[in-house]
Amino acid sequence: GGVEGGEGQKAAKSSERIGLFWVPERNRTSGEQEACALINWDADTAPTSLLAATTPLQVQTILNSAFPQLLGGITLDSAEQFLTQTPSVNFVNKLSTYHHSPSRICVLGDAAHCTGGASGQGCNSALEDAATIAQLLDETPLNLDEALAEFSKRRVEQGHALLDLAVTANSPKSPFLRVGFLVLNGLEGLGHKFLPSLVSPPTQNLLTQTDLPFTEI
């Protein structure tokens with residue numbers, strides 16, 4: 001950590017972990033290729049130097065030191081936009097049931113099993129919830145309590161599995177486990193490429209390219 005490149009240019013401390021979710025997109029006015037970036041961090045390892053930055057130059061230096069692999073780096077305009085944003089908090093839900101019969105209520109999607117966006121399956125799982133409750137209501141139109149109870153029975157285990165996949169498997173806290181996960185994921189990718197009948201695809205591929213239930217994955 002420390003000062004880098006002169007007054008007002010602070011680099012991120014080595015103990016601070018900053019994540020970057022990069023979404024390529026095309027500028028609708030100019031047609032040029034750009035990207036939308038989501039900066040994220042854990043509450044336990046909040047980047048105090050980044051949050052304490054007061055100028056675009058400080059933000060630019062911190063983010064470029066954290067992500068040197070970005071071609072061209074973070075621009076001053078982007079750094080200025082970061083300063084105008086208010087950090088938001090992502091929550092995860094792990095409920096034991098998705099319905100309450102006396103109130104005739106059920107919860108779906110993020111209200112039932114929010115994973116914080118780590119899996120990229122929020123919309124898909126919400127659609128599965130909606131399709132399941134619609135099917136059950138169609139099958140048992142005169143017994144709402146039975147339909148709601150069956151909805152929880154079918155979907156709670158899927159929601160728990162999705163949360164485990166998104167939070168536990170894809171984001172190990174320990175540096176050792178994180179490296180091990182990346183190595184294993186890479187070996188799975190190579191193994192499936194050359195021995196597809198023997199080696200399953202990486203977990204993220206199973207999530208995004210198949211319709212397997214989360215419990216099977």
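**Helix α2 and its neighbours**

I began with the packing of helix α2 in this predicted model. The buried residues of α2 pack against β2 (33-40), α1 (48-51) and α3 (76-84). I then listed which residues of α2, a helix that spans residues 56-66, are buried: Q58, V59, Q60, T61, I62 and L63.

**The largest nonpolar core**

I looked up which residues make up the largest nonpolar core. There are twelve: I18, I39, L50, A53, V59, I62, L63, F67, L70, I74, A79 and F82. I noted that α2 and α3 are the elements that give two or more residues to this core. The largest share is three residues, and α2 supplies it.

Next I took L50 and asked what it touches, leaving out residues up to four places away in sequence. The list I got is I18, I39, W41, V59, I62, L63 and F82. I also recorded that V59, I62 and L63 appear among the buried residues of α2. As background, I wrote down that nonpolar side chains tend to be buried together in soluble globular proteins.

**A second core**

I found another core lying apart from the largest one. This second core has eight residues, and I noted A112, L136, A147 and F151 among them.

**Salt bridges**

I searched the whole structure for salt bridges and found four. I went through three pairs in turn.

E128 and R155 form a salt bridge, with 3.2 Å between the closest N and O atoms. I placed E128 in helix α5 (residues 122-139) and R155 in helix α6 (residues 144-169). The two are 27 residues apart, and the pair links distant parts of the chain.

R155 also meets D129 in a salt bridge, at 2.6 Å from N to O. D129 lies in helix α5 and R155 in helix α6, so this pair ties together parts that are 26 residues apart in sequence. I entered E128, D129 and R155 as a network of salt bridges.

Which members of this network are buried, and which are partly exposed? I checked each one. D129 is buried, with a relative accessible area of 0%. R155 is buried as well, with a relative accessible area of 8%. E128 counts as partly exposed because its relative accessibility is 34%, and the cut-off for buried is under 20%.

The third pair I looked up is E150 with R154, where the closest N and O atoms are 3.0 Å apart. Both residues sit in helix α6; they are four residues apart, which means a separation of about one helical turn. E150 counts as partly exposed at 25% relative accessibility. R154 is partly exposed too, with a relative accessible area of 32%.

**The whole chain**

I closed with the overall figures. The secondary structure comes to eight helices and four strands. Reading along the sequence, I wrote the pattern as β-β-α-α-α-β-β-α-α-α-α-α.

The chain has 217 residues, and 26% of them count as buried. I put the accessible surface of the chain at about 14000 Å², with 56% of it belonging to carbon and sulfur atoms. For contacts with a separation of 6 or more, I noted that residues 24 or more positions apart account for 48%.

Technical notes:
Residues numbered from 1 in each chain as written. Predicted model: local features only at pLDDT ≥ 70, side-chain atom pairs only at ≥ 80, totals over all residues. Heavy atoms only, no water. Buried < 20%, exposed > 50% of the residue type's maximum accessible area, 1.4 Å probe, protein only. Contact = heavy atoms within 4.5 Å. Areas by Shrake-Rupley, 256 points an atom, 1.4 Å probe, with all protein chains shown as cover. Salt bridge = Lys/Arg side-chain N within 4 Å of Asp/Glu carboxyl O. Core = buried A, V, L, I, M, F, W, Y, C linked by side-chain atoms within 4.5 Å.
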